[in-house]
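Dear colleague,

Please find below the structure that I am handing over to you, with its sequence. A summary of the findings follows it.

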Amino acid sequence: SHSGYFLRYNNRRASIEIANFVYRLVCTNGMMREEHKDLSFVSLKGDTNMIRHKLKENAQTVFIKGKNYLMEFISAKKQPVKDVERTLLRLLQERKISSSYWKTLWEQAQKILPLENCTVYDLINFLTAIGRDLRLKGNIIEGERFERFGGYVLGTMTNEHRCNVCKKVL
């Protein structure tokens, strides 16, 4: 993953744009997908001290949000997935991905994922790899859906509590 911050002048808004970004590796060839971005605009109209204060305030907010997102990604390596089968099935249903993928997905999961000690990080990488393989086979739209699915898992599995039985978001 790559992350960073940038400041740039936005000519259309006559303002300074402050942003953070996080890119996640989605292919072994180095292709990355933007996973997270926060934007903040500070108008260049008004008192100079007020503009400077607003820039500093917005930059700190954007920095903290970006850092928090990266910490979620890092914590995904430590967060266990207790029932991989139910969790995968529930996530497919939440994302409205066709159940026709379930059998193939589960067969591959049994071969690739460490089912006994699987983490959210493993699940993210597994789904991203499925997306990459679909793309390579020419199914670009479904491949992109699965690549994005990996990012969705990060947001939902690290931020929300799920039922221990059905794995539905509480």
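I64 is a residue of helix α1. At a relative accessible area of 47%, I64 is partly exposed. Together with Y5 and F63, I64 forms a nonpolar patch on the surface, and the accessible area of the three is about 300 Å². Please bear in mind throughout that the model is a predicted one.

Helix α1 also carries a salt bridge, in which the side chains of K54 and E57 meet at 3.7 Å, N to O. These two residues of α1 are three places apart, or about one turn of the helix. K54 is partly exposed, with 38% relative accessible area, and E57 is likewise partly exposed, at 35%.

The structure has three salt bridges. Another of them joins D83 to R86, with 3.9 Å between the closest N and O atoms. D83 counts as partly exposed at 25% relative accessibility, as does R86, whose relative accessible area is 42%. There is also a salt bridge between the side chains of R132 and D133, at 3.5 Å from N to O; D133 is partly exposed, at 31%.

Turning to the interior, the largest nonpolar core comprises 28 residues, and L88 and F146 have the most contacts inside it. Two or more residues of this core come from each of α1 (48–75), α2 (84–94), α3 (102–112), α4 (120–136) and α5 (140–159). Helix α4 provides the largest share, seven residues. Another core, of five residues, lies apart from this one and includes I18, V42, I51 and V62.

As for F146, its contacts beyond four places in sequence are L92, I97, Y101, L105, L127, T128, I130, G131 and L134.

In helix α3, the buried residues are W102, L105, W106 and A109. They lie on the same side of α3, because the arc they cover around the axis is only 95°. K103, K111 and I112 are exposed on the other side of α3. Q110 also belongs to α3; with a relative accessibility of 45%, Q110 falls in the partly exposed class, since only values over 50% count as exposed. Q110 and V84 are 26 residues apart in sequence, and their C-alpha atoms are 9.4 Å apart in space.

With kind regards

How values were computed:
Residues numbered from 1 in each chain as written. Predicted model: local features only at pLDDT ≥ 70, side-chain atom pairs only at ≥ 80, totals over all residues. Heavy atoms only, no water. Core = buried A, V, L, I, M, F, W, Y, C linked by side-chain atoms within 4.5 Å. Buried < 20%, exposed > 50% of the residue type's maximum accessible area, 1.4 Å probe, protein only. Helix = DSSP H or I, 4+ residues; strand = E, 2+ residues; numbered from the N terminus. Contact = heavy atoms within 4.5 Å. Patch = residues over 30% accessible without salt bridge, like charges linked within 9 Å, V, L, I, M, F, W, Y side chains within 5 Å. Areas by Shrake-Rupley, 256 points an atom, 1.4 Å probe, with all protein chains shown as cover. Salt bridge = Lys/Arg side-chain N within 4 Å of Asp/Glu carboxyl O. Arc of directions from axis to C-beta.
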